[in-house]
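Work through the exercises below with the model open beside the text. Each task is followed by a solution in steps.

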Amino acid sequence: MSKNLIIVESPAKAKTIQKFISKDYEVISSKGHVRDLPKKDLGIDVVKNFMPKYEILDDKKKLIEEIRTMANGAETVWLATDDDREGEAISWHLMESAKIDPAKVKRIVFHEITKPAIEHALAHPRELDIDLVNAQQARRILDRLVGFELSPVLWKKVKPQLSAGRVQSVAVKLIVEREHEIQAFQSTSQFRILGDFVSKDQKAELQAELNKKFDQKEDARSFIEACENATFTIESIEKQPGKRSPSAPFTTSTLQQEAARKLGFSVTKTMIVAQQLYEAGYITYMRTDSLNLSEIAIHDTREQIQALYGEEYHKERRYVTKSKGAQEAHEAIRPTMMSNHTIPADTFAKRLYELIWKRTIASQMSDAKLERTIITIPVKGREEKFVATGEVILFQGFLKVYFESKDEDEDEVKGLLPPLKNGEELVYKTIEAVQRYAQPAVRYTEASLVKKLEELGIGRPSTYAPTISVIQKREYVLKESRPGKEREILKLTLKNGEIRESVKTEKYGNEKDKLFPTDIGIVVNDYLQHNFEDIMDYSFTAEVEKKFDDIAEGSVGWQQMIDTFYGKFHETVDQAIAYSTKASGERLLGTDPQSGKNVYVKLGRYGPMAQIGEQTAEEKPKYVRLKSTQFIDTITLDEALDLFKLPKSLGEYEGETVSIGLGRFGPYIKHGDKFVSIPKGEEPMEVMMERAVELIKQKRQMDKDRKPRILGDYNGKELAVAVGRYGPYIKHDGNNITLDRATNVAEMTLESAIDYLANAKNKNVLASYKEAENVKVMNGRYGAYLTNGKENFRLPKGIIPENITYKEAVEIMKNTAPTVKKTTRKPAAKKK
């Protein structure tokens, strides 16, 4: 047994560290958290100073026993979990649950997994920081208290099985408020005047915009008429020097924002890939709000810039973190080796690494030197003036490497203007008045929501991704793209002395990967806002975050902080249960013309629904579900009444009734006792008998294809083809081999299936070894994995499957538990 035991939280991190240290050290992984509050009970003694009752996680009990045995046999136990509050808490829980002797424990931290960093950490251990542990405990306990007491209130007052969280509720509030702002927005139009001019010698052209917009078409026409015989002479050409400075290196939030803009990554995906890069030793720790770069990083970055671009492109910069609670001992997110411009990894990891490298390099480069040119062109006899603006880059500076993406509501910089002289006369080619509508506020993307949360001081680097993930999983928020609409715009064009009026069509309101509140999210938000003002207050939530920072600094006791919060909160919960009214988001749309009864929309037990009539002792109202594309806040009376037209009978086919209905999972066709889903995007009221029969036949063919079709025998085993949930496949000897999606299984022969099987065996093998034929690295449905012929093993994060050596394969199988196949439990035999 090794004298030195190093414990980390990740198997991939353990593998990387083991490469850099001697055999005197053994590195093991706790595989994340080992202890937490109980799942079903509160687990907090609210009477005795909020003491938590932690439990070892069921899947970690055996591991804890192994760690306890190894720790007892070691001279020194090095706790090397991440250098943040969560990492400190994991180390503390490991000590407590494995009952490790504190006298033999040393805490080491590092912000990158490299040989120098590990050696430096081992040479400079510290004690466990109980203040950081308490800050994490306070967050966990406070969030448990809020969730455990608030969720039952929502079950009673809104809808069963709902849940609420402290930071998540505020994040939903931001999205709901933005949606209300958009729905309330009244779009008005103005006429924007654009002129295309050319110099008299026809050598120079430029476009200019009038410095005034007109509200009415008549005013725009009047101006254009004044331009028919006007002369245009350049009044002034103003040149202004300018510069643009690079952005600071990445923090967690800015990495999430830029990866979303440039790479299209969700915040969760960004953090997963960044974690893989960190654990493989490619980048520094990825959960940080520090802008600091180490002296070594600054030195290495300077060398790279000078070698690649020249001395004039370098400018040393030291960025200061403004947020309280940021730890300057931490670093910004940067590559561990600036000489590695890229890495041999999968596409996602490679792209994110290169983004981090470019941002880090750019942060230490010179300003870009610009020249902005403004040309003013007056209109004779009018006060308004045309203005042309352009910008030219005189020296690229950091722009040679990196240009930060902009949010969609930011203006783009215009390009270079042609060479013209002051006093030079211009001739118009066209002058246009184009109707433009004002745009509402932009809906949040995941990245812009992170930015807003950070601006408000809500949450910390480690909480942004989980917060956004949770509100989507709870279905309070949807992330989706929605098509835009069309509207007509007027255009007045002056050309060759003639004014023409035309009507054009423009698309507007197209949404891509935006966050929309659901009806449930809106109703829950409104209820919490009305009954729990403190919990929903941005400043209050930010103040709680500051209190966590104070606990981490040792200036406030965590139990004192919880006590201050809990008393008032618990009282508010009791009042809400006793006195608040049930919330459903009910909205009166109008009256049903046939029955004269009121028509409502509201949130029901099973989701949003429309209702005709009132609930009385004599009569029950009629109910129908809203479609997935309809919402309580925006549905109209006519749209709601159309829902009650379903189910609608289309007639008979093959002697059985065909009807259209709307169910829990969307619109459907019913034929006898069979159901066929209507494809998304098709309007159920527009489906006629011909289309219904077509969909019925398609469903029959799909059902037929799903039943395995036996082709014959191969190597003494039955071979069949079928279409499953994930597409067509071959079934042979207990194995399913995926076919190309375009494969038509109805046309497949025994010979073509055997041929595909032979090729598939080699196609899915990424690496094989002469030392052991049964050991292979395979390409599976969910990614690459290692197999010994009997058991399969997951590969560590960040590793390149094709490059795994036989020795590394043996180590992986030795140190990794085989994946467990899910088994279907047989029903118990009925008692006679």
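**Exercise 1. A run of paired strands**

Which residue in β35 does T787 stand opposite? The model is predicted; trace the pairing from β33 to β35.

Solution. Step 1: T787 faces N792 in β35. Step 2: β34 (residues 783-787) and β35 (residues 792-794) are antiparallel and share three bridges. Step 3: these two strands make a hairpin with four residues between them. In the turn, G789 has a positive phi of about 95°. Step 4: β34 also pairs with β33 (residues 772-780), again in the antiparallel sense, over five bridges. Step 5: on that side, T787 stands opposite K776. T787 thus has K776 across from it as well as N792 in β35.

**Exercise 2. An open sheet**

Give the strand order of the open sheet of four strands, and find its edges.

Solution. Step 1: the order is β20-β21-β22-β23, with antiparallel pairing. Step 2: β20 (587-591) and β23 (622-625) each pair on one side only, and they are the edge strands. Step 3: from one strand to the next the twist averages 25°. Step 4: at the β23 edge, four bridges join this strand to β22 (residues 607-612). Step 5: one residue pair to locate there is M609 with its bridge partner R625 in β23.

**Exercise 3. The length and packing of a helix**

Check whether the span of α11 agrees with its number of residues, then list what its buried residues pack against.

Solution. Step 1: α11 covers residues 347-362, which is 16 residues. Step 2: at 1.5 Å a residue, the expected span is 22 Å. Step 3: the end C-alpha atoms are 22 Å apart, so the two values agree. Step 4: the buried residues of α11 are A349, L352, Y353, L355, I356, W357, R359, T360, I361 and A362. Step 5: they pack against α8 (252-263), α9 (267-279) and α10 (295-308).

**Exercise 4. A buried threonine**

Is T252 buried or exposed, and what does its side chain reach?

Solution. Step 1: T252 belongs to helix α8. Step 2: its relative accessible area is 0%, so T252 is buried. Step 3: a polar atom of the T252 side chain lies 2.8 Å from the backbone oxygen of M286. Step 4: the T252 side chain also reaches the backbone nitrogen of T288, at 2.7 Å. Step 5: beyond its neighbours within four places in sequence, T252 contacts M271, M286, R287, T288, I333 and P461.

**Exercise 5. A buried glutamate**

Which side chains make polar contacts with the side chain of E391?

Solution. Step 1: E391 sits in strand β14 (residues 385-395). Step 2: its relative accessibility is 14%; the cut-off for buried is under 20%, so E391 counts as buried. Step 3: the E391 side chain makes a polar contact with the side chain of R244 at 2.9 Å. Step 4: another polar contact, at 3.5 Å, is with the side chain of R372.

**Exercise 6. Two packed helices**

Classify the packing of α5 (residues 130-157) and α16 (residues 538-552) by the angle between them.

Solution. Step 1: the angle is about 150°, and the axes are 7 Å apart. Step 2: angles over 145 degrees count as roughly antiparallel, so α5 is roughly antiparallel to α16. Step 3: from α5, the residues D131, L132, N134, A135, A138, R139 and L142 take part. In α16 they meet V544, E545, F548, I551 and A552.

Note on methods: Residues are numbered from 1 along each chain as its sequence is written. This is a predicted model: local features need pLDDT of at least 70, side-chain atom pairs count only at pLDDT 80 or more; totals for chains, interfaces and linings use all residues. Side-chain values use heavy atoms; hydrogens and water are left out. The expected span of a helix is 1.5 Å times one less than its number of residues. Buried means under 20% relative accessible area, exposed over 50%, partly exposed in between (1.4 Å probe, protein chains only). Contact means heavy atoms within 4.5 Å. Two strands pair if DSSP finds at least two bridges between them. Axes are lines fitted to C-alpha atoms, for helices over the stretch in contact, and angles run from 0 to 180 degrees between N-to-C directions. A polar contact is a pair of N or O atoms within 3.5 Å; within protein, one must be able to donate a hydrogen and the other to accept it, and residues adjacent in sequence count only if both atoms are side-chain atoms. Angles under 35 degrees count as roughly parallel, over 145 as roughly antiparallel, 65 to 115 as roughly perpendicular and the rest as oblique.
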